[in-house]
Amino acid sequence: MGIFDKLKDGAAKAADLAKDSVEIAKINSQISSKRKEIEKSYLLIGKEVYEAFTKKQLDTLESLVQEQSNLIRGLEEEVEQLEYKIREIKDEKECVCSRVVPMDTKFCPSCGHQFEEITKLVPVEEEAASEVLVIQKHCGSCHAVVNETDLFCEKCGNRLAP
């Protein structure tokens with residue numbers, strides 16, 4: 001691979017990263033807007049509860065609270081979907097223990113949680129051979145490469161030796 005091919009590949013990767021960054025920024029803006037709408041609903045519920053309390057008419061609130069609660073629930077679901085889109089763009093997912101891991105991880109390296117299998121076709125790229133000698137830690141069960149700080153193997157869930 002010549003120097004110009006490497007420059008071309010680097011420029012293409014930079015363009016993809018820039019495109020992803022713009023898309024993530026747009027989605028974050030949408031998330032912010034949805035969260036502001038949620039806050040407005042909370043404030044409206046609080047204001048109406050206070051006014052009904054001072055007038056001793058709390059029994060009139062049920063329909064308003066139910067309507068606003070449904071609106072909030074819908075907005076929260078939209079926020080979750082938008083956050084999932086961001087994780088897809090970044091090719092990441094979040095474990096129940098809050099650790100963010102690559103999308104193809106089968107087991108959380110922190111808590112050992114097993115993820116549901118997600119099938120996704122990803123184009124395979126050839127990587128240039130590196131001349132640097134790197135010593136890597138491997139899982140004793142499946143021999144997958146693991147991080148030094150991982151407690152569990154991402155591929156098979158085996159508890160790793162310290």
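How much accessible surface does the protein expose, and what share do carbon and sulfur atoms supply? The protein exposes about 12700 Å². Carbon and sulfur atoms supply 54% of that area. The model is predicted. It holds two helices and four strands, set out along the sequence as α-α-β-β-β-β.

**Overall make-up**

- The protein has 162 residues, and buried residues make up 20% of them.
- Take the contacts with a separation of 6 or more: residues 24 or more positions apart account for 39% of these.
- Both helices come before the four strands in the sequence pattern.

**The helix pair**

- Helix 1 covers residues 3-54, and helix 2 covers residues 62-90.
- The two helices pack at an angle of about 165 degrees. Their axes lie 9 Å apart.
- Helix 1 is therefore roughly antiparallel to helix 2, because angles over 145 degrees count as roughly antiparallel.
- The crossing of helix 1 past helix 2 is left-handed.
- The contact between helix 1 and helix 2 includes 16 nonpolar residues. It also has eleven charged and four polar residues.

**S41, on helix 1**

- S41 belongs to helix 1.
- Is S41 buried or exposed? Its relative accessibility is 4%, so S41 counts as buried. The cut-off for buried is under 20%.
- Which residues does S41 touch, leaving aside neighbours within four places in sequence? They are Q68, L71 and I72.
- Helix 2 spans residues 62-90, so the numbers of these three partners of S41 fall within helix 2.

**Positive phi in two loops**

- Most residues other than glycine have a negative phi. The two residues below go the other way.
- K56 is not a glycine, yet its phi is positive, at about 55 degrees.
- K56 sits in the loop between helix 1 and helix 2.
- With 75% relative accessibility, K56 counts as exposed, because the cut-off for exposed is over 50%.
- D91 also has a positive phi without being a glycine; the value is near 60 degrees.
- Where is D91 found? D91 is in the loop between helix 2 and strand 1, and strand 1 covers residues 92-94.
- D91 has 37% relative accessibility, so it counts as partly exposed.

**T105, a buried loop residue**

- T105 lies in the loop between strand 2 and strand 3. Strand 2 covers residues 100-102, and strand 3 covers residues 137-138.
- T105 counts as buried, because its relative accessibility is 2%.
- Which residues are in contact with T105, beyond neighbours within four places in sequence? The contacts are K93, F115 and E154.
- K93 has a number inside strand 1, residues 92-94.
- T105 and C153 are 48 residues apart along the chain. Their C-alpha atoms are separated by 9.1 Å.

Definitions and conventions. Residues numbered from 1 in each chain as written. Predicted model: local features only at pLDDT ≥ 70, side-chain atom pairs only at ≥ 80, totals over all residues. Heavy atoms only, no water. Buried < 20%, exposed > 50% of the residue type's maximum accessible area, 1.4 Å probe, protein only. Contact = heavy atoms within 4.5 Å. Areas by Shrake-Rupley, 256 points an atom, 1.4 Å probe, with all protein chains shown as cover. Axes fitted to C-alpha atoms, helices over the stretch in contact; angles between N-to-C directions. Parallel < 35°, antiparallel > 145°, perpendicular 65-115°, else oblique. Left-handed = near helix turned anticlockwise from the far one by under 90°. Nonpolar A, V, L, I, M, F, W, Y, C, P; charged D, E, K, R; others polar.
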